[in-house]
Amino acid sequence: MCVRRAKVLIGLPVVASDRARVVGEVKDLCIDPAHRQVRALVVVDGAVWRRTRFLPWEQIQRISADAVYIPSQTVLAASDASVAGCWHLMASEGGVYGRSIIDIAGERLGRLGDLLIDMSTGEIAGYELSDGMFQDMLTGRQRLLAESRLSHDGESLVIEACRLPDEES
């Protein structure tokens with residue numbers, strides 16, 4: 001299991017293996033909160049006429065530190081029908097990144113700093129919480145296991161919290 005921060009995917013080129021060429025760039029992630037899964041990557045292609053496409057997670061051949069590899073450009077979907085009901089990660093897309101996380105008792109735990117993703121399956125393994133840049137530098141970020149459903153109450157994300165032991169990434 002290779003767990004990495006979700007934001008490392010943002011900005012990666014998407015390479016079609018059949019032609020060995022870049023066909024787009026990862027702009028965002030579509031998250032299925034009910035199943036704690038990344039359902040698709042949002043890919044922007046084209047230099048002048050930029051189009052948004054959706055790359056279903058199961059179509060990814062592999063992810064390296066430098067690129068996301070797919071079998072061919074034809075696996076990129078023009079329609080977002082496959083990601084209906086999903087949340088976007090990035091705030092620029094109206095996403096959940098940076099939103100407050102509270103537990104079911106109403107205690108504020110911090111803000112969503114990142115998701116911890118199993119890069120082989122797309123499963124959300126945990127959540128990284130931020131208390132702001134200064135506090136993060138002093139004490140580091142806290143981590144929560146993704147054992148329960150994450151819900152959205154309009155402004156905040158609600159979770160039944162379970163803290164992960166401190167570890168370095």
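Q: What makes a stretch of this predicted model a helix or a strand, and how many of each are there in the protein chain?
A: A helix here is a DSSP run of H or I with at least four residues, and a strand is a run of E with at least two. On that basis the protein chain has one helix and 14 strands.

Q: Why is residues 3-5 called a strand, β1, and what does β1 pair with?
A: A strand needs a DSSP E run of at least two residues, so the run at residues 3-5 qualifies as β1. Its partner is β10: three bridges join the two, and they run antiparallel. Within that pairing, R5 sits opposite L116 of β10.

Q: How do you know that β9 and β10 are paired?
A: Pairing takes at least two bridges, and β9 (residues 100-103) and β10 have three, so they count as paired, in the antiparallel sense. I101, for instance, has G110 in β10 as its bridge partner. The two strands make a hairpin with four residues between them, and G106 in the turn has a positive phi of about 95°.

Q: What makes β10 and β11 a pair?
A: Again the bar is at least two bridges, and six join β10 to β11 (residues 124-130), so this antiparallel pair passes. L116, already mentioned as facing R5, also stands opposite G126 in β11. This is a hairpin too, with five residues between the strands, and G122 there takes a positive phi near 85°.

Q: What makes β10 a mostly covered strand?
A: Buried means under 20% relative accessible area, and nine of the eleven residues in β10 (residues 108-118) are buried.

Q: Why is the disulfide count zero?
A: A disulfide needs two cysteine sulfurs within 2.5 Å. The sulfur of C30 has its closest cysteine sulfur in C86, at 6.0 Å, which is too far for a bond. From the other side, C86 has C30 as its closest, at that 6.0 Å. So the count comes out at zero.

Q: Why are C30 and C86 called buried?
A: The cut-off is under 20% relative accessible area. C30 comes in at 1%, so C30 is buried. C86 has 15%, so C86 counts as buried as well.

Q: What do the totals say about the whole protein chain?
A: Of its 169 residues, 44% count as buried. The chain exposes about 9000 Å², with carbon and sulfur atoms supplying 50% of that. Among contacts between residues at least 6 apart in sequence, 47% join residues at least 24 apart.

Key
Residues numbered from 1 in each chain as written. Predicted model: local features only at pLDDT ≥ 70, side-chain atom pairs only at ≥ 80, totals over all residues. Heavy atoms only, no water. Buried < 20%, exposed > 50% of the residue type's maximum accessible area, 1.4 Å probe, protein only. Contact = heavy atoms within 4.5 Å. Areas by Shrake-Rupley, 256 points an atom, 1.4 Å probe, with all protein chains shown as cover.
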